[in-house]
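Colleague: I would like to go through the labels used for this model. Please give the criterion behind each one.

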Amino acid sequence: MSEALLCCSGLSVRFGGLVALDALDLEVGSGAILGLIGPNGSGKTTLFNVITGVYRAAGGRAQFSGQDLAGMTPQRIYAAGVTRTFQRSRLALPLSVFDNVMIGNHRRLHHGLWFNLFRRSELRREFESNLAKARALVATFSARLAGRMFDAAGAFSMIDRRRIEICRALVSEPRLLLLDEPSAGMTHEETRELMDDLLAVRSRLPGLSIVIIEHEMNVIERVCERCAVLNYGRKIAEGSYAQVAADRQVQIAYLGTE
Amino acid sequence: MSALPGIASIAAMALYAAFFLHAESQAQVLGLVALAVVGVPVLARVGWIARTATSLEAHPLAARSASVAALAATIALFHDQHFVMLMLASVALYSVACLGLTLQFGYAGVVNFAGAAFLGVGGYTSAVLGPHVPHALVLLIGGLLAALVGSILILPILRTRGHYAALITVAFGILFRSFVEVNDALGGPQGLQVKGMNLFGWELNSPLRDLSFYANYVFVGLALAAAAFVLVRRLERSWVGLNLDAVRLDETAAAVFGIDVARWKILAFTCGNFFTGIAGAAYAMMTGFVAPNSFTFGDSLILVSIVLLGGLGSAWGVPLAAGIVLIVPEKLQALQEYRFLLYAMLVIVILLARPQGLIARPAREYFPK
């Protein structure tokens with residue numbers, strides 16, 4: 001097996017007395033798609049928050065391509081190539097589609113005060129090339145959306161907002177993409193459309209690793225090669241979807257004993 | 001879309017402003033206020049305001065020329081009247097300060113209820129350095145000192161959010177006022193005299209021909225306001241403006257996409273205080289004195305209300321709201337204390353009708369045509 005891109009070992013997170021993640025071991029290889037499932041409160045989003053530096057681990061290690069993520073700020077983790085979407089879409093709703101995508105492109109833009117105030121012709125070139133790039137990226141998801149780059153993100157439906165969020169996460173060409181329940185709040189039809197989009201992204205970017213949290217089992221079955229099941233902060237099963245679905249412990253966690 | 005509706009509206013506004021500034025009796029003033037309160041919603045209902053806006057957006061050059069012409073005509077009309085010129089200069093200088101506040105809480109979301117304290121830092125700089133240092137430099141130092149004094153507040157502001165950060169600035173504003181009040185070197189409660197402005201040998205307190213000497217301050221105030229306006233607009237239409245918005249709207253999401261939240265809050269807070277300090281230094285030179293009572297919490301609230309009334313983050317809203325907030329109470333003098341009641345009601349009515357402010361901030365266009 002090739003060297004894992006993301007490698008968690010014994011990773012633990014506590015909130016006061018509550019153990020949100022309990023000595024979790026998890027590996028994600030380069031170019032792999034891992035599905036992360038488990039009942040509510042099982043620690044899936046907490047894992048994303050630790051990997052992206054929003055929460056701090058109480059114990060264990062998380063390594064991203066050899067770098068220890070512990071003690072790294074969210075900003076540095078982003079610069080290393082990890083991006084994400086949020087469970088409850090956290091777009092800047094009053095800002096335009098373009099603005100939202102550009103927030104994700106932070107590490108490719110020039111932020112000097114002098115540059116931005118007084119070197120307007122250079123800024124203009126940077127703006128135009130990034131507009132073309134953002135438009136092309138958004139167009140791979142929806143041509144209609146790409147035609148409305150300067151409309152407020154809040155003016156769009158749930159599925160379009162999710163697309164904008166995924167574009168925000170993809171525009172900086174990350175190596176690891178964390179998708180936190182991309183189907184939340186969408187109809188079955190919309191979910192299917194979004195998964196088509198994701199698979200299309202995947203075929204264009206074979207090197208991209210993805211971890212996807214999902215409650216929709218058919219999404220997991222369709223998109224992921226492998227999946228891990230969490231319960232009360234522990235990993236209770238890992239393997240292909242068929243293996244995991246047949247697992248006795250997983251059935252208990254989801255359906256209860258009996 | 002022709003430029004005509006836009007130009008006509010600017011002319012109408014200038015005419016209205018002229019009547020308002022000229023009105024002597026309370027009946028006239030109240031009549032004009034009532035006309036606006038009734039007339040503006042009617043114009044909005046029939047779509048005239050939207051037409052004006054699209055017309056002005058489509059013809060920026062015409063819009064700018066018409067605004068300059070309207071302003072020049074107003075100055076020419078009232079050139080020898082101290083009161084009107086003082087009002088115009090005050091509106092220009094308050095606009096500079098409020099553009100600073102726009103950077104702070106309009107864009108970065110850093111609240112500042114100590115605006116008057118930063119005006120005060122500028123004002124006292126003028127009083128102390130005025131007799132010794134060239135005044136162009138005094139303005140600059142006033143801004144720099146305000147930015148420096150503001151840096152004391154940065155640490156507590158970065159560590160708190162929302163109401164708590166607001167409360168810290170409130171406390172700082174009160175602290176500043178008490179500090180100058182008990183400080184005898186700064187004149188104590190009586191304050192200090194400030195020399196009139198002298199820019200490169202141009203004595204602003206000696207009038208040009210038959211103009212009011214305040215007209216000189218109108219020119220300087222307008223120049224400062226124009227510079228502040230251009231800077232704020234350019235900042236907004238850049239990646240820096242985008243970062244500030246991202247920080248205001250969602251700090252966690254901003255951090256996850258590499259945006260250094262603290263850096264941009266510090267930048268906005270410092271630049272905003274710099275603007276406010278410059279405005280305070282110039283204002284003190286115009287009025288000729290500084291005293292603790294000019295820099296109360298109430299004065300800070302006036303600055304905040306200008307920004308909110310104009311429309312949070314709206315650069316064009318600032319001068320318009322500054323005009324209303326500064327001039328309306330002055331014109332209602334005869335109502336004595338009741339004027340604040342009427343004025344407060346006016347502000348409430350405006351904000352009920354237009355919660356997004358008089359001129360809502362438009363979506364960011366990095367390079368508008």
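Colleague: How many residue pairs are in polar contact across the interface of chain B and chain A?

Modeller: The rule finds 14 such pairs, both residues at pLDDT 80 or more. A polar contact is a pair of N or O atoms within 3.5 Å; within protein, one must be able to donate a hydrogen and the other to accept it, and residues adjacent in sequence count only if both atoms are side-chain atoms. This is a predicted model: local features need pLDDT of at least 70, side-chain atom pairs count only at pLDDT 80 or more, and totals for chains, interfaces and linings use all residues. Side-chain values use heavy atoms, without hydrogens and water, and residues are numbered from 1 along each chain, with chains lettered from A in the order written.

Colleague: What makes A:Arg90 and B:Asp250 a salt bridge?

Modeller: The term requires a side-chain nitrogen of Lys or Arg within 4 Å of a carboxyl oxygen of Asp or Glu. The closest N and O atoms of A:Arg90 and B:Asp250 are 2.7 Å apart, so the pair qualifies. The interface has 2 salt bridges by this rule.

Colleague: Why are H5(B) and H13(B) called roughly perpendicular?

Modeller: Helix H5 (residues 82-107) and helix H13 (residues 297-310) of chain B, both DSSP runs (H or I, at least four residues), pack at about 70°, with axes 9 Å apart. Axes are lines fitted to C-alpha atoms over the stretch in contact, and angles run from 0 to 180 degrees between N-to-C directions. Angles of 65 to 115 degrees count as roughly perpendicular, so the label applies to H5(B) and H13(B).

Methods. Helix = DSSP H or I, 4+ residues; strand = E, 2+ residues; numbered from the N terminus. Parallel < 35°, antiparallel > 145°, perpendicular 65-115°, else oblique.
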